[in-house]
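Reader: I am new to this structure and would like to learn how to read it, one feature at a time. Could we begin with the ligand?

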Amino acid sequence: MVVRVGINGFGTIGKRIAAAVSKQPDMTLVGITKASPDWKAWFAKRYNYPLFLAVPEKIEDFKKAGIEVEGTVEDLVSQADVMVDCSPEKIGAKNKEVLYLPKNTKAIFEGGEKASVADVSFVSLCNYDEGVGKNYIRCVSCNTTGLVRSLYQLDQAFGIERVIATMVRRGADPHEIKRGPINAIVIDPPTLPSHHGPDVKTIMPHVNITTFAVKVPTTISHLHCVTVDLKNGATTEDVIDIFAKSPRIILLSAEKGIRSTAEVIEFARDLERPRNDLYELAIWLESIKVENKTLYFFQAVHQESIVVPNNIDALRAITSTTTKEESISLTNKTLEILEPGIYPP
Ligand code: NAD
C-alpha cells in the first residue's frame, strides 16, 4: 500500500516532514498547505509539492501573489489517507474538530498539542505497537523525543529508579526573529518541575522523572544535562556499550573536538544533511559517568529535525503498513541515519 500523506502547515517541522515523506517508497505526498502566499509558498512550488490553502478565505491573497493552488485544506483532507498536522501549537486540536474528525481522516499531531488530542503519544523506538491502527497519534516534542530515546535504552538495559534532567533550550529556531532571549538565561517555566517530565510519562508512565528547563540565546540545538539512578547499577563502560548499539543515537567525542552544540551542527553540515539536520540524538561520550548507581551525561537535541523519523514511523504505524523493525529500518535507510556508534570512530 502506498500511503497518501497530506501536510497541514509548512513551517519548520512541516517542510522537513514533507521532504522526508517524498523519500519514502511506500508514501506519496498529496499536498501541503500554506496559510499565506509568502516566500515559503514559492519554495513549495519549487519542490513541486501540490499546494492547498490552509485558510480558504485567503484565496484572493494567493491570486494577487500569482500563486496557484490545488484547492483548500478540506480538499487535501479528502485526498489523504493520513494528515500530518504541523500547524502552530494548539491549532492542531482545532483542526482535528473541524477538519479530520468530520471526514474520518487519520491524523498525526506534533508535540505542541496536548496529549489528549490523540489516542497515543508516540516515540517509535519505544511504543510503535501502541500506534498501530490508531486514528490519532501525537509525536511528542523534540525535548521529549530526545529524553525518551536515551531513557528507553537505559530502562531496558538497567532499569530506572529516578531521573533528574535539566533542559537548556534554544530560545528560537534559526529563522525566527520575534523570539528570544537575546541576552539572558530565562527560567522557563519559573515553577518547577517543567512539563517535559510529565510528557515523558505519557510514553514511559512508570519512570520517576523530574525536569527543569531554561531558555538561552541560541538557535541551533537544545542541550540536556541528565542524571539517572539505575535500578540494577552498571559501569560507565556498560552504559557506553548500550548507547553505542542504540538506534538513532550517536556518541560524539569531545576529545576529538566536538565540545559544543556549534560543533554538533557543523558535524551535521559536514554530513551534507539537508538543512544541516541531525536526526540522531547526540550524546557526549566523555560525559558518560557512573558513580555508585548514578549515571550522568550530556545530550544534544537538534530541535528542528529529531522528530522527523518518528513522524515517518508514525505514518506506517497509523496505517498498519509494516512492523516496528521494518519501519525503523526503512526510515533509517531513506533518511541516511547514521549507524549507532562513536563518531568519529
Ligand atoms: P512553525 O511556526 O515553524 O510552522 C507552522 C506553520 O503553520 C507556519 O508556516 C504557519 O504559517 C502555518 N499555519 C498557521 N496557521 C495555520 C493553520 N490554521 N493551518 C495550517 N497551517 C497554519 O511551527 P513549527 O515549529 O513547525 O511547529 C509545528 C508543530 O511542531 C508545533 O506543534 C510545535 O510544538 C512542534 N514542534 C516544533 C519543533 C521546533 O523546534 N520548531 C520541534 C518539535 C515539535
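Author: A backbone N or O atom of G112 lies 3.0 Å from an oxygen atom of the ligand, which fits the idea of a polar contact, a pair of N or O atoms within 3.5 Å; within protein, one must be able to donate a hydrogen and the other to accept it, and residues adjacent in sequence count only if both atoms are side-chain atoms. The protein covers 81% of the 830 Å² of accessible area that the ligand has on its own, with areas from the Shrake-Rupley method and a 1.4 Å probe, where for residues only the protein chains shown count as cover. This is a predicted model, in which local features need pLDDT of at least 70 and side-chain atom pairs count only at pLDDT 80 or more, while totals for chains, interfaces and linings use all residues. Residues are numbered from 1 along each chain as its sequence is written, and side-chain values use heavy atoms, with hydrogens and water left out.

Reader: Which polar atoms of I13 and D173 lie by the ligand?

Author: For I13, a polar backbone atom is 2.9 Å from an oxygen atom of the ligand, whereas for D173 a polar side-chain atom lies 2.6 Å from a nitrogen atom of the ligand.

Reader: Is K34 buried or exposed?

Author: Buried means under 20% relative accessible area, exposed over 50%, and partly exposed in between (1.4 Å probe, protein chains only). K34 has 8% relative accessibility and therefore counts as buried. Its place is in strand β2 (residues 27-34), where helices (H or I, at least four residues) and strands (E, at least two) are DSSP runs, numbered from the N terminus. Not counting residues up to four places away in sequence, K34 touches F10, K40, A41, L51, F52, L53, A54, V55 and F62, a contact being heavy atoms within 4.5 Å.

Reader: What should I look for in backbone angles?

Author: Most residues other than glycine have a negative phi, and most peptide bonds are trans. Here K90, in the loop between β5 (82-85) and α5 (91-103), has a positive phi near 80°. R248 also has a positive phi, of about 65°, and lies in the loop between α9 (236-243) and β13 (249-252).

Reader: How buried or exposed are K90 and R248?

Author: K90 is partly exposed, with a relative accessible area of 44%, whereas R248 counts as buried at 2% relative accessibility.

Reader: Where is the cis peptide bond that leads to P189?

Author: That bond runs from D188 to P189, with omega near 10°, and P189 sits in the loop between β10 (186-187) and α8 (196-201).
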